[in-house]
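Visitor: I should like to learn how charged side chains are read in a structural model. Could you take me through one case?

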Amino acid sequence: MALKYSRQREAIKEFMMTRKDHPTADVVYMNVRKEFPNISLGTVYRNLTLLSDMGELLRLRVGDGVDHFDATITPHYHFICKECGAVTDLELDTMHSIDEAAGESFHGRIDGHVTYFYGTCEHCLKESSS
């Protein structure tokens, strides 16, 4: 069954395509409601979940208790700042060899992996040294 077109879903998708900071549903909601004042947070969250289930967005669970969303769906790594909570993409080649290494001692099929790097971002390091 084909998915019914939704202007609100398209607006959410278009907003996400402009972002590199991995926003939460709240951030998406606050921005999309400028165009759709009657949209609810629940509608935004449902559409973000649907888009991630369809493979059009990534849903990131980075340990801060809220989902972050990413419009870059190609395999890549993320850095999470322990100070400010910022989630950023890392410029790092995807390590496909880790899938092969994990598969050597696993009797199933490994299709990929998710890796988060944690530390302190450049901005927070500068702030703490001031």
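**Reading charge pairs in a fold**

Guide: Of the 130 residues of the chain, 32% count as buried. Please keep in mind that the model is predicted.

Visitor: Which elements make up the secondary structure of the chain, and in what order do the elements run from the N terminus?

Guide: The chain has 5 helices and 5 strands. From the N terminus the order is α-α-α-β-β-β-β-α-β-α.

Visitor: How far apart are the mean positions of the positive and negative charges?

Guide: For the 14 positive and 20 negative charges of the chain, the mean positions lie 10 Å apart.

Visitor: How should a salt bridge be read, and how many does the count give?

Guide: The general idea is that side chains of opposite charge can pair when their charged atoms come close. Here the count comes to 8 salt bridges. One of them joins Lys-13 and Glu-10, at 3.9 Å from N to O, within the 4 Å cut-off.

Visitor: Where do Lys-13 and Glu-10 lie relative to each other?

Guide: Both belong to helix H1 (residues 7-17); because they are 3 residues apart there, about one helical turn separates them. Lys-13 is partly exposed, at 25% relative accessible area, and Glu-10 is partly exposed, also at 25%.

Visitor: Which residues are linked in a network of salt bridges?

Guide: The network links Asp-53, Arg-59, Arg-61 and Asp-67. Within this group, Asp-53 and Arg-59 meet at 3.7 Å, N to O. Asp-53 counts as exposed, with 60% relative accessibility, whereas Arg-59 is partly exposed at 25%.

Technical notes
Residues numbered from 1 in each chain as written. Predicted model: local features only at pLDDT ≥ 70, side-chain atom pairs only at ≥ 80, totals over all residues. Heavy atoms only, no water. Helix = DSSP H or I, 4+ residues; strand = E, 2+ residues; numbered from the N terminus. Buried < 20%, exposed > 50% of the residue type's maximum accessible area, 1.4 Å probe, protein only. Lys, Arg positive; Asp, Glu negative; His and termini not counted. Charge placed at Lys NZ, Arg CZ, Asp CG, Glu CD. Salt bridge = Lys/Arg side-chain N within 4 Å of Asp/Glu carboxyl O.
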